[in-house]
Amino acid sequence: MAVDYQAIRLIPNIARADIISYIMRAMLKFETMFSDYQKEAETKLAAIASALTKPDSLTWEVWRAEDGQVVDVVGILHLSEIRNGHDAVAHYVFFDGDLRGKTDLIEKVLDWAFTDHDDWPALQRLTIEIPDFAFALARHAQKKLGFGGPFKHRVGGKTVNVEGVKRGALMWRGEPRDLLIMGKLNVNP
């Protein structure tokens with residue numbers, strides 16, 4: 001069985017309310033997406049809805065396809081805080097837990113963001129912000145996607161390259177935690 005993944009731009013509308021509701025509820029299961037400031041499910045849902053509908057953001061649904069047939073939605077790719085032609089903050093979450101299997105798809109969307117289109121000026125850089133407790137995600141972003149920076153940051157005996165660290169930027173499980181700032185430059189501006 002051939003498995004493939006596709007990214008489709010998310011455009012909220014009433015006909016797709018069930019899919020959007022599913023995406024939002026699936027995101028609730030990822031504890032690492034939320035700080036202690038967002039403990040209740042309704043608060044988390046409001047934060048997700050706000051993020052996905054901001055005018056300075058773009059979201060793609062990630063669908064799993066088997067033998068050419070679209071089967072189910074398995075995640076999202078999201079750009080927020082877009083400054084046209086300059087920078088955006090990249091986010092991604094996969095409900096099926098298969099980050100490695102989506103690396104090629106993430107790279108395609110990053111390439112799209114770094115390329116001029118009729119209604120899109122190519123970005124010069126992308127930023128990713130990862131809590132230090134999600135170190136595996138930071139390692140994947142560095143090793144597989146090319147995010148990083150000139151400084152080395154150590155977490156639990158492991159090191160990742162970062163542009164900077166927001167120390168104590170969020171509370172998680174009652175403890176102040178750092179936010180790792182990593183960047184990726186457009187090599188073909």
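These legends go with four close-up views of a predicted model.

**View 1. The enclosed cavity and its lining.**
Searching the whole structure turns up one cavity of 30 Å³ or more. The volume of this largest cavity comes to about 70 Å³. Its walls are built by Trp60, Leu77, His78, Leu79, Ala90, His91, Tyr92, Ile106, Val109, Leu110, Leu145 and Phe147. Three elements put two or more residues into that lining: β3 (69–83), β4 (87–94) and α3 (103–113). Sorted by class, the lining has 10 nonpolar residues, two polar ones and no charged ones. For a quick look at the aromatic side of things, pick out Trp60, Tyr92 and Phe147, which are among the lining residues.

**View 2. The second largest pocket.**
Here we've moved on to an open site, the second largest pocket, with about 200 Å³ of space. It has 13 lining residues, and those nearest the centre of the pocket are Leu110, Asp111, Phe114, Lys184 and Val187. Both α3 and β9 (175–185) chip in with at least two residues each. The biggest share comes from α3, which supplies three residues. As for the mix, this lining has five nonpolar, four polar and four charged residues. Keep an eye on Leu110: this residue is one of those nearest the pocket centre, and Leu110 also belongs to the lining of the largest cavity in View 1.

**View 3. Aspartate 67, a positive phi between two strands.**
Zooming in on the loop that links β2 (58–66) and β3, we find aspartate 67. Its phi is positive, at about 50 degrees, even though the residue isn't a glycine. That's worth a second look because most residues other than glycine have a negative phi. Is aspartate 67 buried or exposed? Aspartate 67 counts as exposed because its relative accessibility is 56%, and the cut-off for exposed is over 50%.

**View 4. Arginine 173, another backbone spot with positive phi.**
This time the loop is the one between β8 (164–172) and β9, and the residue to find there is arginine 173. Arginine 173 isn't a glycine either, yet its phi is positive, near 55 degrees. How much relative accessible area does arginine 173 have? The value for arginine 173 is 55%, so this residue is exposed too. If you're coming over from View 2, follow β9: this strand helps line the second largest pocket, and the loop holding arginine 173 sits between β8 and that strand.

Terms used:
Residues numbered from 1 in each chain as written. Predicted model: local features only at pLDDT ≥ 70, side-chain atom pairs only at ≥ 80, totals over all residues. Heavy atoms only, no water. 1 Å grid on protein atoms, 1.4 Å probe; cavity = no way out; pocket = protein on both sides within 12 Å on 5 of 7 lines; lining within 4 Å. Points joined across faces, edges and corners; volume = space filled by probe spheres on them. Helix = DSSP H or I, 4+ residues; strand = E, 2+ residues; numbered from the N terminus. Nonpolar A, V, L, I, M, F, W, Y, C, P; charged D, E, K, R; others polar. Buried < 20%, exposed > 50% of the residue type's maximum accessible area, 1.4 Å probe, protein only.
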